[in-house]
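Work through the exercises below with the sequence and the coordinates open. Each task is followed by a solution in steps.

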Amino acid sequence: MGLFNAILGNASEVNIENISREFEPILIDGEIIEKAYKLIRDMFIFTNKRLILVEKQLVGTKVDYMSIPYSSIKKFSKESAGILDMDAELKIWLNSESTPISKQFGKGSNNINEVYKILSQHILK
């Protein structure tokens with residue numbers, strides 16, 4: 001079911017223990033991974049200090065890690081999937097950018113709500 005969910009664009013929660021070793025080299029002292037979600041090749045990594053967006057190429061081994069301090073997020077939105085629209089969408093605007101970072105979630109994915117809630121907990125402190 002995990003592969004089927006990934007193909008549909010549904011995010012799935014990732015076991016933190018399974019990815020801790022991969023992210024250990026880029027975490028600072030005292031930083032811990034709180035939650036992680038995988039969406040096909042992309043990942044949302046929530047730490048106690050920042051959001052890390054990970055994009056892995058479908059072919060090859062190139063990986064892009066974007067670190068976003070929670071304090072640099074100006075606003076964020078969630079658009080649910082409609083009858084004709086198959087995808088839900090999460091948008092994150094950074095203080096220095098006018099164009100948001102946009103990520104697609106499959107219709108029926110409840111994880112977009114979890115990601116939205118975690119963003120809210122860190123940003124609306």
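**Exercise 1. Burial and overall make-up**

Find what share of the 125 residues of the protein counts as buried, and list the secondary structure.

Step 1. Of the 125 residues, 35% count as buried, where buried means under 20% relative accessible area, exposed over 50%, and partly exposed in between (1.4 Å probe, protein chains only). The model is predicted: local features need pLDDT of at least 70, side-chain atom pairs count only at pLDDT 80 or more, and totals for chains, interfaces and linings use all residues. Residues are numbered from 1 along each chain as its sequence is written, and side-chain values use heavy atoms, with hydrogens and water left out.

Step 2. The protein exposes about 7,800 Å², of which carbon and sulfur atoms supply 53%; accessible areas come from the Shrake-Rupley method with a 1.4 Å probe, and for residues only the protein chains shown count as cover.

Step 3. The protein has three helices and eight strands. Helices (H or I, at least four residues) and strands (E, at least two) are DSSP runs, numbered from the N terminus. Along the sequence the pattern reads α-β-α-β-β-β-β-β-β-β-α.

Step 4. Of the contacts between residues at least 6 apart in sequence, 37% join residues at least 24 apart; contact means heavy atoms within 4.5 Å.

**Exercise 2. The five-stranded sheet**

Determine the strand order of the open sheet of five strands and state which strands stand at its edges.

Step 1. The order is β1-β2-β3-β4-β5, with antiparallel pairing. Two strands pair if DSSP finds at least two bridges between them.

Step 2. β1 and β5 (63-69) are the edge strands; each has a single partner strand, so one side of each is left without a neighbour in the sheet.

Step 3. Seven bridges join β4 (residues 50-56) to β5. Within this pair, Lys56 has Val63 of β5 as its bridge partner.

Step 4. Helix α2 lies across β2, β3, β4 and β5 and runs at about 95° to β2. Axes are lines fitted to C-alpha atoms, for helices over the stretch in contact, and angles run from 0 to 180 degrees between N-to-C directions. Helix α3 also packs on the sheet, where it touches β1, β2, β3 and β4, and its direction makes about 145° with that of β2.

**Exercise 3. The three-stranded sheet**

Describe the sheet that holds β6, β7 and β8, and find the helix that packs on it.

Step 1. The three strands form an open sheet in the order β6-β7-β8, and the pairing is antiparallel. β6 (73-79) and β8 stand at the edges with a single partner strand each, so one side of each has no neighbour in the sheet. On average, neighbouring strands are turned by 15° against each other, direction ignored.

Step 2. Helix α3 (residues 111-123) packs on this sheet, touching β6, β7 and β8, at about 160° to the direction of β6.

Step 3. β7 and β8 form a hairpin with six residues between them, and six bridges join the two strands. Ile92 has Ile101 as its bridge partner in β8, while Ala88 stands opposite Phe105.

Step 4. His122 is found in helix α3. His122 counts as buried because its relative accessibility is 11%. Leaving aside residues up to four places away in sequence, His122 touches Glu34, Thr47, Asn48 and Tyr70.

**Exercise 4. Salt bridges**

Which residues are joined into one network by salt bridges that share partners?

Step 1. A salt bridge is a side-chain nitrogen of Lys or Arg within 4 Å of a carboxyl oxygen of Asp or Glu. By this rule the count is five.

Step 2. Lys103 and Asp42 meet in a salt bridge at 3.4 Å, N to O. Lys103 lies in strand β8 and Asp42 in strand β3, so the pair ties together parts 61 residues apart in sequence. Lys103 is buried at 8% relative accessibility, and Asp42 is buried at 13%.

Step 3. Glu55 forms a salt bridge with Lys103, with the closest N and O atoms 2.9 Å apart. Glu55 lies in strand β4 and Lys103 in strand β8, so this pair ties together parts 48 residues apart in sequence. Glu55 is partly exposed, at 34%.

Step 4. Asp42, Glu55 and Lys103 therefore make up one network of salt bridges that share partners.
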